[in-house]
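Reader: I am new to this structure and would like to understand how its descriptive terms are assigned. Could you take me through them one by one?

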Amino acid sequence: MLAYASKRANSLSLASQWLPGPLKSNVGTPQGDSLSPVLFTIYLEHALKEVRLVLPKPSTPLEKVLPREVAYADDVDFVAFQDIDIEEVGKVLEKYNLQVNVDKTEFTNLSRGETNWQTTKKVSTLIADQEDIERLKQLSSAALVKLKNVWLKGDKITKNTKLKFYKALVKSVLTYNCGTWAPTQSQDERLNAFHRKQLKKVLNIKYPVKITNSFLYNKCNGRPLSTFILESRWRIFGHILR
């Protein structure tokens, strides 16, 4: 695998009118190479094995079953019931030419009575479901308003085209990372109502026109948003199991 990456890297060259000749790349893998993230993940995992040695040792049964860290690409969250010495972690990572971005490092305390964790973002998603849902509602509403000229053009744009715009540019915002949510029944109902309200705006259905929910879903060839969220949760659960 490494030989293949090196061979591809050696085959790249950069030519420019400001250079005396072609500049060949003979180190690492090409930018954007599909193999690069795989190699980085393997490299990071090796470094994290040594990092675990400087983390606080688990002392309770719960600590022993919890993961020591959660990594997504180059973002790593360390989980512990005690304070973690980031300087020690940084020293270990420096051996592997990796650096801890101090400016982006956050300490989140999850405990009863604490509310600061509710505004903490992980992979552009708030930890607290309700806060994250409300934030995405606002963002999707803003996206819907930006496209109001599309919804109001009547027969000039077909219904199917409008729905494609909605799914790609609005619904995708509303349901971003929804597979990580654990909504209650009341939250599901409010999300379904919010979704139907947006669909009516897309189809330009206004008061006093009244239609049933089932008729609206059939007209849009859609379904309740809670069903989509449930499928997303099962999908991400399947990824975790695999």
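Reader: Why does Asn-221 count as exposed or buried, whichever of the two applies?

Author: The relative accessibility of Asn-221 is 67%, and exposed means over 50% relative accessible area, buried under 20% and partly exposed in between, computed with a 1.4 Å probe on protein chains only. Asn-221 therefore counts as exposed. Please keep in mind that this is a predicted model, in which local features need pLDDT of at least 70 and side-chain atom pairs count only at pLDDT 80 or more, while totals for chains, interfaces and linings use all residues. Residues are numbered from 1 along each chain as its sequence is written, and side-chain values use heavy atoms, with hydrogens and water left out.

Reader: What makes Asn-177 exposed, partly exposed or buried?

Author: Asn-177 has 29% relative accessibility, and therefore counts as partly exposed. Asn-177 is located in the loop between α7 and α8, whereas Asn-221 belongs to the loop between α9 and α10.

Reader: What is notable about phi of Asn-177 and phi of Asn-221?

Author: Most residues other than glycine have a negative phi. Phi of Asn-177, however, is positive, near 60°, and phi of Asn-221 is positive too, near 55°. Just after α8, Asn-204 also takes a positive phi, of about 60°.

Reader: Where is there a cis peptide bond?

Author: The bond from Tyr-207 to Pro-208 is cis, its omega being near 15°, and Pro-208 sits in the loop between α8 and α9.

Reader: How many helices and strands does the protein chain have, and how are they defined?

Author: There are 10 helices and six strands in the protein chain, where helices (H or I, at least four residues) and strands (E, at least two) are DSSP runs numbered from the N terminus.

Reader: How does the reach of α8 compare with the expected span?

Author: The expected span is 1.5 Å times one less than the number of residues. With 18 residues, α8 reaches 26 Å from its first C-alpha to its last, which is close to the 26 Å expected.

Reader: Why is α8 called oblique to α10?

Author: The axes of α8 (residues 185–202) and α10 (residues 225–241) come within 8 Å and cross at roughly 120°; such axes are lines fitted to C-alpha atoms, for helices over the stretch in contact, and angles run from 0 to 180 degrees between N-to-C directions. Angles under 35 degrees count as roughly parallel, over 145 as roughly antiparallel, 65 to 115 as roughly perpendicular and the rest as oblique, which makes α8 oblique to α10. Asp-188, Leu-191, Asn-192 and His-195 of α8 make the contact with Leu-225, Ser-226 and Ile-229 of α10, contact meaning heavy atoms within 4.5 Å.

Reader: What makes α8 and α9 oblique to each other?

Author: Their axes, which come within 11 Å, cross at roughly 55°, and α8 and α9 are therefore oblique to each other. On the α8 side the contact involves Asn-192, His-195, Arg-196, Leu-199 and Lys-200, and on the α9 side Asn-213, Leu-216, Tyr-217 and Cys-220.

Reader: Which residues of α8 are buried, and against what do they pack?

Author: Among the buried residues of α8 are Leu-191, Phe-194, His-195, Leu-199 and Val-202, and the buried residues of this helix pack against α5, α6, α7, α9 and α10. Over the protein chain, 28% of the 242 residues count as buried.
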